[in-house]
Amino acid sequence: MHLSSLPSRRRILLAAAVAAATAIVTTGPVAAEPLTTGTTEPTDRQQQYSAAAAEYGVPHSVLLGVSYLESRWDTHLGQPSTSGGYGPMHLTDAEQVASTPSSAHVDENEDPRGDDSRPLALDPAIAARPSGDVLPQASLQTVDAAATLTGIAAETLRTDAAANIRGGAALLASYQKALGGAVGAGSDPAAWYGAVARYSGADTEDAAAAFADEVYDQIGQGASRTTDDGQQVTLVATTVTPDQSGLHKLGLRRAERPDGLECPVRLACEWVPAPYAKYGPGSGDYGNHDLGDRPAQQKIEYIVIHDTEGYFGPSVKLVQDKTYLGWHYTLRSVDGYVAQHIKAKNVGWHAGNWYVNAKSIGIEHEGFAGHGTWYTEAMYRTSAKLVRHLALRFQIPLDRQHILGHDNVPGITAGNVAGMHWDPGPYWDWSHYFDLMKAPFKGTGTPNTGLVTIDPAYASNQPAFYGCNQQPPFPPGEGAPPTAEPCPLRGSSSVILRTAPSPAAPLVNDLGLQPNGKPNTMFIKDHGARASAGQTYALAGIQGDWTAIWYLGQKAWFYNPASAPTAKWANGFVVTPKPGKTTIPVYGRAYPERAAYPATIPYQAISPLQYTFPAGQRYAVGGILPGEYYRAVSFDGSVPGDRTVVRGANQYVQVQFGHRVMYVNLDDVQILPGAVGSPA
């Protein structure tokens with residue numbers, strides 16, 4: 001779209017973004033003229049990087065390192081990232097960002113607090129308020145700057161990998177020249193630190209430095225992988241000690257890092273507090289989190305991974321609203337910058353399940369679960385370092401039983417199941433994420449050990465979802481399109497579950513989402529017939545290239561050929577109903593029995609979900625947990641029994657019962673090694 005055809009407000013924003021993208025301090029744009037002109041466009045991706053590096057005088061290792069930190073050299077089929085970036089060099093397009101409003105967490109009917117003793121009904125108008133910050137930051141228009149520098153049309157830069165790489169090289173050379181650095185053959189990679197930092201798009205000095213540090217770390221480590229379009233690319237490990245003096249010439253803001261900030265030292269992290277404040281006359285009229293004393297008072301068991309369903313700037317403004325909800329951290333897509341909002345000792349309102357909220361830390365990532373977009377490598381890396389840091393500090397196991405997606409958190413009661421959120425969605429790369437946390441998914445057994453861990457090859461696993469075009473937020477004045485279109489075919493962590501070992505068999509049923517018993521669907525937000533990478537299930541059978549797991553009270557089959565496996569055999573424990581029990585209840589929260597509650601605290605009902613766990617079925621154990629309820633319903637703790645933890649004799653076993661984890665009473669089950677009674 002031409003700039004003149006945009007509405008006036010967007011035209012002003014876009015023009016400002018274009019200007020900011022090419023300016024460094026007081027220095028205007030510096031043309032990055034080609035140093036050499038090739039006569040034939042190389043088709044090999046490695047050669048494309050080499051040619052672009054030579055053409056614009058960028059060290060080959062620097063160009064490869066920057067691209068790896070942006071996209072891991074993937075093309076993503078010309079689809080944008082969650083921050084509107086395209087191609088291997090993540091050339092950003094502010095128009096893409098400006099055309100999509102932000103409406104974090106209002107696309108479902110979930111109560112984010114998840115406590116029926118003090119429900120929180122959000123007003124959707126809160127998230128729809130104009131924020132004054134449509135763009136995450138003004139620098140997000142590098143595709144136009146690259147078009148000016150190269151003479152290549154913006155559309156080509158977005159969709160053609162070779163052109164995109166040339167555009168990125170031209171930008172890097174422009175930034176290097178603006179800083180007074182040398183370009184050309186033989187230029188020292190160490191001298192490009194400032195240009196690399198500028199390429200991050202960060203608006204704070206520590207975030208720019210963190211990005212550049214990651215690039216130079218990667219150059220030192222090297223890398224080699226096959227891209228999503230089948231190209232083999234290698235970065236040869238080279239020791240480089242960067243000259244960081246150029247960083248300060250960028251004139252970026254220096255973020256405050258107060259004492260007590262709960263982030264690793266090398267992460268770009270800032271304290272942007274969520275308010276604990278009253279907003280009405282009642283003692284329960286307060287937001288947007290609860291005070292606590294974790295882990296001294298209650299163990300932190302989980303870290304919950306979310307996406308914002310909106311852009312970074314508006315999402316951070318929402319978490320600063322005392323009438324809205326609160327989470328602990330927000331991460332920015334373009335550079336991995338972290339904002340911390342709530343201390344770990346306090347309880348955020350983010351997961352839609354009070355039991356999980358009281359025992360978890362919530363981390364939001366800029367992005368959209370169902371738009372068919374992709375999450376940047378910079379954000380994956382920052383998030384992995386943050387989660388690993390928190391997991392080590394609070395002794396949280398680095399596995400998928402404790403590092404949950406919001407889509408893995410159960411509803412508190414049967415009536416809440418359908419309204420639960422489903423982020424970060426099927427396009428979040430769980431396998432790569434755990435690799436970055438140094439906790440990769442490993443095969444630890446054989447078919448005879450009775451358990452299986454889902455782990456498809458992300459890039460080539462491309463389920464045919466549909467309806468990405470029908471996911472909110474929608475442009476102002478527009479609703480969902482009337483027809484659901486196929487989503488872009490792109491990598492996914494999800495495998496699809498069927499009622500029989502055949503691609504023609506119907507999908508399985510999730511009664512919480514399809515109470516009529518009909519098969520679930522491939523609609524992007526319908527996760528009722530999916531298992532996700534890292535999740536471990538009890539084996540229910542093997543037939544040819546198909547493997548069955550126990551899932552929501554039924555056998556569920558997924559394609560798992562030996563030539564290209566989508567899962568790994570695992571070792572561990574399972575639960576099954578005790579002898580004599582034909583079926584046992586399944587719960588969405590692990591609350592104490594009635595006798596455990598003192599007179600000052602109302603009993604919280606132990607309400608089973610709509611699923612059944614029949615005799616003869618087996619589900620993978622995720623841990624044994626105490627029955628607990630954290631009472632917090634008043635602003636000042638003045639309500640009797642407030643800010644105390646009720647503990648009872650009840651103990652629960654967390655199980656991988658469906659796409660979401662659930663709980664069964666320990667008294668109802670026997671725990672067995674997975675190999676005992678395995679169908680294999």
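**Strand pairing and helix packing**

Start with one pair of residues: V304 sits opposite L404, a residue of strand β14. The model that shows this is a predicted one. V304 falls within strand β9, which spans residues 302-307. The two strands, β9 and β14, run parallel and are held together by three bridges.

Both strands belong to an open sheet with six strands, laid out in the order β5-β11-β10-β13-β9-β14. The pairing across this sheet is mixed. At its edges are β5 (269-271) and β14 (403-405), each of which has a partner on one side only. Going from one strand to the next, the twist averages 25°.

A helix also lies across part of this sheet. Helix α13, made of residues 377-394, lies across β9, β10 (329-331), β11 (338-340), β13 (360-365) and β14. Relative to β13, the helix runs at about 175°.

Elsewhere in the chain numbering, two helices meet. In general, a packed pair of helices is described by the angle between the axes and the distance between them. For helix α3 (residues 60-71) and helix α8 (residues 161-178), the axes come within 11 Å and the crossing angle is roughly 115°. That angle makes α3 roughly perpendicular to α8. The crossing of α3 past α8 is right-handed.

Which residues in α3 and α8 meet? From α3 come V62, L63 and V66, and from α8 come I165, G168, A169 and L172. Sorted by class, this contact of α3 with α8 has six nonpolar residues, one polar residue and no charged ones.

Technical notes:
Residues numbered from 1 in each chain as written. Predicted model: local features only at pLDDT ≥ 70, side-chain atom pairs only at ≥ 80, totals over all residues. Heavy atoms only, no water. Axes fitted to C-alpha atoms, helices over the stretch in contact; angles between N-to-C directions. Helix = DSSP H or I, 4+ residues; strand = E, 2+ residues; numbered from the N terminus. Parallel < 35°, antiparallel > 145°, perpendicular 65-115°, else oblique. Left-handed = near helix turned anticlockwise from the far one by under 90°. Contact = heavy atoms within 4.5 Å. Nonpolar A, V, L, I, M, F, W, Y, C, P; charged D, E, K, R; others polar. Pairing = 2+ DSSP bridges.
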